[in-house]
Amino acid sequence: MAENSDVPVQKDKLIIFDTTLRDGEQSPGATLNIEEKLEIARQLSRLGVDICEAGFPIASPGDFEAVRRIAEEVGPLTEGRKDGQPMVIAGLARANQQDIDRAYQAVKAAPRHRIHTFLATSDIHLKHKLKIDREECIDQVIKAVSYAKSLCDDIEFSPEDAGRSDPAFLTVVLGEAIKAGATTLNIPDTVGYTTPEEFGWLIKYLIENTPGAEKVVWSTHCHNDLGLATANTLAGVRNGARQVEVTINGIGERAGNTSLEEVIMAVHTRPQNFPVEVNIDTTQIIRTSRMVSAYTGMPIQPNKAIVGANAFAHEAGIHQDGMLKHHTTYEIMRPETVGLSASSLVLGKHSGRHAFRTRLEEMGYDNLNEEDLKKAFDRFKRIADKKKVVTDADIEAIITDEFYQPREIWKLNYVQVSCGDRVNSTATVSLTDPNGAVLIDAAIGTGPVDAVYKAINRIVEAPNILTEFSVQAVTEGIDALGEVTIRIQPENGEGYTTNPQTGAQVVRTYSGHGASTDIIVASARAYMSALNKMLADRAEEAATIQQKAAAAA
Ligand code: KIV
Ligand code: ZN
């Protein structure tokens, strides 16, 4: 069946609530700095997301500042948005006054803002985590929602672990939340326990049995522990939910959250099955996915639906033959619908600046200034010298490597290695320090990458532990670009962040990525990117402490 056929006339709006910057950032090791969060929030706005949950303001001064700046700088933006309305900026708060105050202070600068407060309702959580009974739970919800309502009109309440809560008890809690002023009720399957039939049933049951249900928007929030998050979310929509909470690439706690792109493309591709429509600009999906992957350091599995490298690739001969005869034989969505280009233009070393710029514009990178364009073009030329054909995937990798990088505190000038099976691996590196001085050092390692990292460590002196190292080829072939993603943690364990649900202190992890036709160079670039993030975070924290001390004096 063709895309978008048989569209019913009357459709409700499905509100897209993106929690990449809050639940997504709770993925182990996905820490983002403020600039990265701002950049992602701007891209979410371009994508057409209705509500952006920008963070958990009480978690740390850094989280507060990120939400506040997103509210102030991204909150008013309307450019490129189908409905011409700016995004609602939401901040998460546990059900207590201090959290709610902090969330309100962070989001209030946005023209449209929301407080999202939550409290667990399952007996397991009440007994073991909160150590309160059901009566106390109801009491706390009424107090929290009423207090939030005294600050702002748009209030969302979530009964955490609703998927394992007693449905009848939920109708009581949620009825009280409506009376206290909640405008959206979000039903989280916090531990990804339910199946589509159960979750769909739960949404229907709650809408039919909660007093005042018709006054609020019902929302889904599913986790992917059993790989059912998208199916559960769509079951919720078919049973009356009109808001979905999702993340880009499905990142999030443990196995992740429902993935935005899967829900959007299911609704888009099979409109007959869903009584809703969305305001999303689907052509921004790939770009958003790529940006989130680069900044969080979470590579996308090649077979990931919609955004994986193989999602639109046809390998089997019989499939290729069918595709050549007619694309509908094996294709249910057109790649360009999600922002993958269908251009037949091949770029190589003879391509000029004009062709390169045209290709970038076709790929959605139409806002590069002259300086950035020059940087990207120089990089393209260097790659084209080594590779016969420069594909869109290569160009995406160049853009990611050049522009989705932290502020350069230390700069990598060059790296030179000598290695082999009968010699010690040695590396020489040259770096420019924050004051502009050029420093050169060398080291021996167990392999060339180890030698490079040791040489960098001798210069930068920022002890850390390498917790992850992965290399991916961007395209096929011996001359392919290699993309390296790494994660580091400060060796002395400094830098903690708080998990909003468990309250646990988690050691901060910094990711870095780099791309090059030489994987040793890509590894060095990735390491510098992670180190620069760690050092910037440290400098920010030192500045906050200094400000606090000055204010207290
Ligand atoms: O999974 C969950 O329960 C949450 C809530 C805070 C909404 O993320
Ligand atoms: Zn969650």
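Begin the tour at the hairpin that β12 and β13 form, with five residues between the two strands, and select Gly-436 in its turn, where phi is positive at about 95°. Everything on display here belongs to a predicted model, and the distances and angles given at each stop are computed from its coordinates.

**The sheet around the hairpin**

Widen the selection to β12, residues 425–432, and follow the eight bridges that join this strand to β13 in an antiparallel arrangement. Two of the pairings can be picked out by residue: Leu-431 has Leu-439 of β13 as its bridge partner, while Val-429 is matched with Asp-441 of β13. Adding β11 completes an open sheet of three strands, paired antiparallel in the order β11-β12-β13. Its edge strands are β11 (411–418) and β13 (438–445), each of which pairs on one side only, and the twist from one strand to the next averages 15°.

Now display the helices that meet this sheet. Helix α15, residues 448–460, lies across β11, β12 and β13 and runs at about 140° to β13. Helix α16 also packs on the sheet, where it touches β11 and β12, and its direction makes about 140° with that of β11.

**Along α16 to a second sheet**

Keep α16 selected, since the next stop is reached from this helix. Residues 519–552 make up α16, which lies across β14, β15 and β18 and runs at about 150° to β18. Those strands form an open sheet of three, again with antiparallel pairing, in the order β14-β15-β18. The edges are taken by β14 (464–473) and β18 (510–516), and each has a single partner strand, so one side of each is left without a neighbour in the sheet. Neighbouring strands here are turned against each other by 20° on average, with direction ignored.

Within this sheet, select β15, residues 482–490, which pairs with β18 in the antiparallel sense over seven bridges. A convenient pair to label is Glu-483 and, opposite it in β18, Ala-515.

**Thr-509, in the loop leading to β18**

Move next to Thr-509, which lies in the loop between β17 (505–507) and β18. Is this residue buried or exposed? Thr-509 is buried, with a relative accessible area of 7%. Its side chain is joined to that of Gln-489 by a polar contact of 3.1 Å. Leaving out residues up to four places away in sequence, Thr-509 touches Gly-29, Thr-31, Thr-467, Arg-487, Ile-488 and Gln-489.

**The zinc ion, ligand 2**

Select ligand 2, the zinc ion, together with its coordinating atoms. Which residues supply them? The ion is coordinated by Asp-23 through OD and by His-221 and His-223 through NE2, at 2.0 to 2.1 Å. The spacing of these donor residues in sequence is D-x197-H-x1-H. Because Asp-23 lies in the loop between β2 (15–18) and α1 (34–47), and His-223 in the loop between β8 (217–222) and α8 (229–238), this pair ties together parts that are 200 residues apart in sequence. Asp-23 counts as buried at 1% relative accessibility, and His-223 is likewise buried, with a relative accessible area of 2%.

**Ligand 1**

With the donors still shown, add ligand 1 and the residues around it, which are Arg-22, Asp-23, His-116, Phe-118, Ser-158, Glu-160, Asn-186, Pro-188, Thr-190, His-221, His-223 and Gln-501. Three distances are worth drawing to oxygen atoms of this ligand. An N or O atom in the side chain of Thr-190 is 2.6 Å from an oxygen atom of ligand 1. For His-223, a side-chain N or O atom is 3.0 Å from an oxygen atom of the ligand, and for Asp-23 a polar side-chain atom lies 3.1 Å from one.

**Cys-152**

The last stop is Cys-152, in the loop between α5 (134–151) and β6 (155–160). Cys-152 is buried, with a relative accessible area of 4%. Apart from its neighbours within four places in sequence, this cysteine is in contact with Tyr-104, His-113, Arg-114 and Ile-115. To end, draw a line from the C-alpha atom of Cys-152 to that of Pro-76, which is 76 residues away along the chain: the two atoms are separated by 17 Å.

Key:
Residues are numbered from 1 along each chain as its sequence is written. Chains are lettered from A and ligands numbered from 1 in the order in which they are written. This is a predicted model: local features need pLDDT of at least 70, side-chain atom pairs count only at pLDDT 80 or more; totals for chains, interfaces and linings use all residues. Side-chain values use heavy atoms; hydrogens and water are left out. Donors are N, O and S atoms within 2.8 Å of the metal (3.2 Å for Na, K and Ca); water is not among the atoms, so sites may look incomplete. Helices (H or I, at least four residues) and strands (E, at least two) are DSSP runs, numbered from the N terminus. Buried means under 20% relative accessible area, exposed over 50%, partly exposed in between (1.4 Å probe, protein chains only). Contact means heavy atoms within 4.5 Å. Two strands pair if DSSP finds at least two bridges between them. Axes are lines fitted to C-alpha atoms, for helices over the stretch in contact, and angles run from 0 to 180 degrees between N-to-C directions. A residue is near a molecule or strand if one of its heavy atoms lies within 4 Å of it. A polar contact is a pair of N or O atoms within 3.5 Å; within protein, one must be able to donate a hydrogen and the other to accept it, and residues adjacent in sequence count only if both atoms are side-chain atoms.
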